[in-house]
Amino acid sequence: YNNGSIQLQPFPPLKNDNLLRAARGEVVDRVPVWVMRQAGRYLPEFQELRKLHDFFTVCRTPELACEVTMQPLRRFDLDASIIFSDILVIPQALGLTVEMHAGVGPVLPQPIRTPEDLKRLTPDGALSRLSYVGDAITMMRHKLDGRVPLIGFTGAPWTLMGYMIEGGGSKTMSKAKAWLYDYPEDSKLLLNLLTDVIVDYLEMQVEAGAQMLQIFESSAEHLTKDEFLVWSVPFLRRIRDDLVDRLTKKAVSTVPLTIFAKGAGHSLKEQSELGYDVIGLDWTVDPVEARAAVGPNITLQGNLDPQDMYRDPSELHTLTTDMVHKFGKSRYIANLGHGITPQTPIASMEVLVDAVHKAL
Ligand code: 1CP
């Protein structure tokens, strides 16, 4: 597939495919491990690059996105890479301004406030405004030289809706939740519009070279179980079904899909019925209970508390080993239960990766 630019040669063969084998339920040489936000602010070389370039310039410049994606792989014996980008590139492609404010996070200065504001969204051509992500993925596949698989990702509809209505991160998602009560039909319209763009976007990422995909429903934590089943689950199901349909029709091989619905440990059984290969767990979920809830045919990913990375190395090593023992070697991908935080000591990453690889 030619993404309009970069893929001139076939991709190099994969040398370490433990991540993909774990996702498919096949035997692994070692438990694969990667870390959400593994390219990020805890790395001094990331901070240095960010001093020179604005956040979205890094995302939009394939050379820079690849450099940052590669940074954690130079330091740690990780089993996956994840393309450097952000979930908010979709609201951006839909015509909303997104700024990254230091120490604050993403800010959308003109959020969606009323159903009338939905007219400002520009789904036509949104995919073409995201082509830089495909370019970065294709370039990264070559730069990786088959060392580890490359993961692509997206935000899920409810999580993106939250940022678009709140105008940034929120402790309560109160404005977005008010939409669900006050404008249920318009909420569905927006969630369906986002679902359509997400399917296009994921299809493009696979064609560009993404070998696995993760859908971040990070704001599931703001929904009750009943709300999760109404405002998240149907759209997650449609993303998977439509994507598989599209790829099948084009005779493009599908890739393993991960759903990470933070705070939705109350609905593991329901998540296991959506057709995803992997379920990501936050750290509030017990590994043994999670396995009992999803059955033997789903891979689990997670779920060390990111705060455990601040413990002393021997404690961290023990906690990691215990976690891997609880999950076991089959159908398991080790990770944190959410993104690594900025002050994490770099040595903790070494301890984590080493402990996972030595546990079983
Ligand atoms: O200035 C900076 O460098 C900002 C820090 C930063 C980074 C490194 C942000 C701002 N985004 C990212 C990259 C990023 N974001 C990745 C890169 C790939 C990786 O190494 O994992 C990914 C997967 C994301 C996804 C993302 N962005 C999510 C879903 C995952 C999660 O943490 O739940 C969310 C919610 C965002 C929004 C976002 N972007 C950035 C911040 C600080 C936030 C959260 C803001 C908030 O809700 O308070």
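Two strands pair if DSSP finds at least two bridges between them. In this predicted model, β1 and β4 (residues 150-155) pair in the parallel sense over two bridges. They belong to an open, parallel sheet of seven strands. A ligand is also present, with 21 residues around it. The points below cover the sheet, its β8 and β9 strands, the ligand shell, two helices and several loop residues.

**The sheet**

- The strand order is β1-β4-β5-β6-β7-β8-β9, with parallel pairing.
- β1 (81-82) and β9 (332-336) are the edge strands; each has a single partner strand, so one side of each is left without a neighbour in the sheet.
- Strands of a sheet pair through backbone hydrogen bonds, in either a parallel or an antiparallel arrangement.
- Where β1 meets β4, isoleucine 82 has isoleucine 151 of β4 as its bridge partner.

**Strands β7 and β8**

- Strand β7 (residues 278-280) runs parallel to β8 and is joined to it by three bridges.
- Across this pairing, isoleucine 279 stands opposite leucine 300 in β8.
- β7 and β8 form a right-handed β-α-β unit together with helix α13 (residues 287-294).
- Strand β8 (residues 299-304) is mostly covered, as six of its six residues are buried.
- Asparagine 303 is a residue of strand β8, and the peptide bond leading to asparagine 303 from glycine 302 is cis, with omega near -10°.

**Strand β9 and its pairing with β8**

- Five bridges link β8 and β9 in the parallel sense.
- Both residues of the cis peptide bond have bridge partners in β9: glycine 302 is matched with alanine 334, and asparagine 303 with asparagine 335.
- Helix α14 (residues 313-327) completes a right-handed β-α-β unit with β8 and β9.
- Although β9 stands at an edge of the sheet, five of its five residues are buried, so β9 is largely enclosed by the rest of the structure.
- In a regular strand, side chains alternate between the two faces of the sheet.
- Both faces of β9 are covered: one side carries Tyr332, Ala334 and Leu336, the other Ile333 and Asn335, and all of these are buried.

**The ligand shell**

- The closest of the 21 residues surrounding the ligand are Gly40, Gly105, Gly169, Phe216 and Ser218.
- Sorted by class, the shell holds eleven nonpolar, six polar and four charged residues.

**Helix α4**

- Helix α4 (residues 62-75) has 14 residues and spans 21 Å from its first C-alpha to its last, close to the 20 Å expected at 1.5 Å a residue.
- The helix has a kink of about 25° at threonine 69, shortly before proline 72.
- An α-helix has 3.6 residues a turn, so residues three or four places apart point the same way.
- The buried residues of α4 are Pro62, Ala65, Cys66, Val68, Thr69, Gln71 and Pro72; thus the kink residue, threonine 69, is among them.

**Helix α5**

- Valine 89 is located in helix α5 (residues 89-93).
- Valine 89 has 21 C-beta neighbours inside 10 Å and therefore counts as buried, the cut-off being 20 or more.
- The C-alpha atoms of valine 89 and leucine 160 are separated by 9.9 Å, with the two residues 71 residues apart along the chain.

**Exposed loop residues**

- Valine 104 sits in the loop between β2 (99-101) and β3 (105-107).
- Valine 104 is exposed because 10 other C-beta atoms lie within 10 Å, and exposure requires 12 or fewer.
- Valine 104 and glycine 168 are 64 residues apart along the chain, and their C-alpha atoms are separated by 9.0 Å.
- Aspartate 145 lies in the loop between α6 (131-144) and β4.
- Although aspartate 145 is not a glycine, its phi is positive, at about 55°.
- Aspartate 145 counts as exposed, with 12 C-beta neighbours inside 10 Å.
- Alanine 251 is placed in the loop between α11 (233-249) and β6 (257-261).
- Alanine 251 is a residue other than glycine with a positive phi, near 55°.
- With 6 C-beta neighbours inside 10 Å, alanine 251 also counts as exposed.

Terms used. Residues numbered from 1 in each chain as written. Predicted model: local features only at pLDDT ≥ 70, side-chain atom pairs only at ≥ 80, totals over all residues. Near = placed C-beta within 6 Å. Nonpolar A, V, L, I, M, F, W, Y, C, P; charged D, E, K, R; others polar. Helix = DSSP H or I, 4+ residues; strand = E, 2+ residues; numbered from the N terminus. Right-handed = clockwise from strand over helix to strand, strands pointing away. Expected span 1.5 Å × (residues − 1). Bend = angle between axes of the 7 residues up to and from the residue.
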